[in-house]
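Reader: Hey, I've got a structure open and I'm not sure where to begin. Can we go through a few spots together?

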Amino acid sequence: MPGGELDDVFAGIEASVPDGLADHLRTVSLIDHHVHGTFTEDIDRATFEFSINEGSNDPVPPWMTNFDSPLGLSIRRWCAPLLGLPARTDAETYWKRRCEFGADELAATMLRAAGVSRWIVDTGFKGDLLTSHHRLAELAAGRSSEIVRLERVAEDLLDSGTSPQDFPDAMRAALAAAAADPTVVGTKTIVAYRTGFDIDWTRPGDADVVARAGALAARQGPSRIDDPTLIAFGVHEAAAHGLPLQLHVGFGDRDLDLHRCDPLLLLPLLRIMPPVPVLLLHCYPFHRQAGYLAQAFDHVNFDVGLSINYLGTRSTGLVAEALEVAPFAKQLYSSDAFGPPELHVLGSVLWRRAMGVVLGDWIRSGDCAEADAIRIVDMIGTTNAQRVYGL
């Protein structure tokens with residue numbers, strides 16, 4: 001297999017990262033606490049370029065390429081050597097070489113270079129196109145766990161013939177089964193995409209849930225859970241079963257209204273829900289608000305995954321801002337990679353580099369001992385996820 005080894009992740013910034021911290025960041029094995037599978041089939045260039053643009057739902061126009069973006073530059077810099085190419089190779093050469101790899105070989109090459117020992121996988125979106133969490137772990141020579149998407153569970157129940165009258169009990173039974181499954185470590189809601197956070201988070205009664213499920217069932221076509229009452233019901237029931245809850249926050253596809261995804265709008269929920277672990281995902285550009293919530297609520301945690309990839313070399317600033325307010329025990333590493341395995345390895349590389357630069361500056365200024373910096377890396381990269389998900 002050509003390549004197979006990353007260049008030194010601190011190439012070009014060696015002077016910014018003390019040797020002991022750099023050595024630890026090169027070798028620490030991460031837990032990616034929110035991620036998706038890789039594509040199971042070979043893809044064409046149009047699909048690839050579409051998949052490295054988080055916000056747009058449109059094909060890439062002919063007058064541009066997504067290789068000309070912070071993420072595109074990072075792919076050419078860090079993934080090209082894994083394919084046996086020089087770093088910073090041009091886009092055409094990169095794509096031609098990439099096409100010589102089958103989907104599984106490409107995934108194994110990228111995933112194993114990421115230095116991730118466990119992948120916690122959201123399987124609720126386009127699962128027919130992506131590897132299962134078991135297959136992802138196999139290709140990566142690691143381990144995996146699963147996150148259950150609440151809206152998907154509810155939609156599958158209604159589409160499989162569950163009556164509105166039976167829906168509340170059926171949803172509880174499905175969540176009880178998830179809580180008893182050793183491979184499932186948490187749930188996720190995509191309320192950010194379906195309604196935004198500014199809804200009534202009061203726990204609804206069964207009668208209201210039945211009525212809203214009935215109205216949804218009366219629509220034509222597949223079910224789409226976009227009713228605030230049904231979403232609040234799923235969230236409260238998941239918490240009642242003791243399952244950690246992930247919430248997409250901030251940056252994402254244009255389907256969401258970004259101004260309604262400020263996590264401060266979740267305050268009414270956080271004040272009344274059972275104190276199960278809450279994981280605020282991605283958070284950019286609301287990462288400072290997420291940091292405040294993580295400081296204010298014992299059960300709130302957050303990450304800046306996904307955004308690290310899309311900011312590329314500028315992700316150092318994002319990581320620095322994420323470390324401003326919140327206790328280090330309340331932050332987790334994630335990539336939120338979906339589809340191209342380049343995203344799975346880049347999340348790791350860019351996070352390691354950013355942590356090296358930020359913590360290295362703290363060490364040089366005398367504000368942090370190197371041993372403390374290494375401990376912060378371990379908390380965010382591994383041990384916080386172990387605690388939150390009970391791994």
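Reader: Which side chain does the side chain of Ser145 make a polar contact with?

Author: Quick note before that: this is a predicted model. The partner is the side chain of Arg118, at 2.7 Å.

Reader: OK, and where is Ser145, and is it buried or exposed?

Author: Ser145 sits in strand β3, which covers residues 143-149. It is buried, since its relative accessible area is 2% and anything under 20% counts as buried.

Reader: What else is Ser145 in contact with, if we skip its neighbours within four places in sequence?

Author: Besides Arg118, the list includes Trp119, Ile120, Val121, His133 and Leu391. Thr183 and Val185 are on it too.

Reader: Switching spots. Is Asp42 buried or exposed?

Author: Asp42 counts as exposed, because its relative accessibility is 59% and the cut-off for exposed is over 50%. You'll find Asp42 in the loop between β1 (30-35) and α2 (45-51).

Reader: So what does Asp42 touch, leaving out residues up to four places away in sequence?

Author: Phe101, Gly102 and Ala103. The side chain of Asp42 reaches the backbone nitrogen of Ala103 at 2.9 Å. As for Phe101, it is 59 residues from Asp42 in sequence, yet their C-alpha atoms are 8.6 Å apart in space.

Reader: Now helices! How do the axes of α1 and α17 cross?

Author: At roughly 15 degrees, with the axes of α1 (residues 19-27) and α17 (residues 370-389) coming within 9 Å. That makes α1 roughly parallel to α17, because angles under 35 degrees count that way. The crossing of α1 past α17 is right-handed.

Reader: Which residues meet there?

Author: From α1 you have Asp19, Gly20, Leu21, His24 and Leu25, and from α17 there are Glu370, Ala373, Ile374, Val377 and Asp378. Sorted by class, that contact between α1 and α17 has 5 nonpolar, 2 polar and 3 charged residues.

Reader: Last topic, backbone oddities. Which residues does a cis peptide bond join?

Author: Tyr284 and Pro285, with omega about 5 degrees. Pro285 is in the loop between β6 (278-282) and α13 (287-296). Most peptide bonds are trans.

Reader: And what about phi in Leu306 and Asp336?

Author: Neither is a glycine, but phi is positive in both: near 70 degrees for Leu306 and about 50 degrees for Asp336. Most residues other than glycine have a negative phi. Leu306 lies in the loop between β7 (300-302) and α14 (307-311), while Asp336 lies in the loop between α15 (315-322) and α16 (342-364).

Reader: Are those two buried or exposed?

Author: Buried: Leu306 has 3% relative accessibility, and Asp336 has 10%.

Key: Residues numbered from 1 in each chain as written. Predicted model: local features only at pLDDT ≥ 70, side-chain atom pairs only at ≥ 80, totals over all residues. Heavy atoms only, no water. Axes fitted to C-alpha atoms, helices over the stretch in contact; angles between N-to-C directions. Helix = DSSP H or I, 4+ residues; strand = E, 2+ residues; numbered from the N terminus. Parallel < 35°, antiparallel > 145°, perpendicular 65-115°, else oblique. Left-handed = near helix turned anticlockwise from the far one by under 90°. Contact = heavy atoms within 4.5 Å. Nonpolar A, V, L, I, M, F, W, Y, C, P; charged D, E, K, R; others polar. Buried < 20%, exposed > 50% of the residue type's maximum accessible area, 1.4 Å probe, protein only. Polar contact = N/O pair within 3.5 Å; in protein donor to acceptor, adjacent residues only side chain to side chain.
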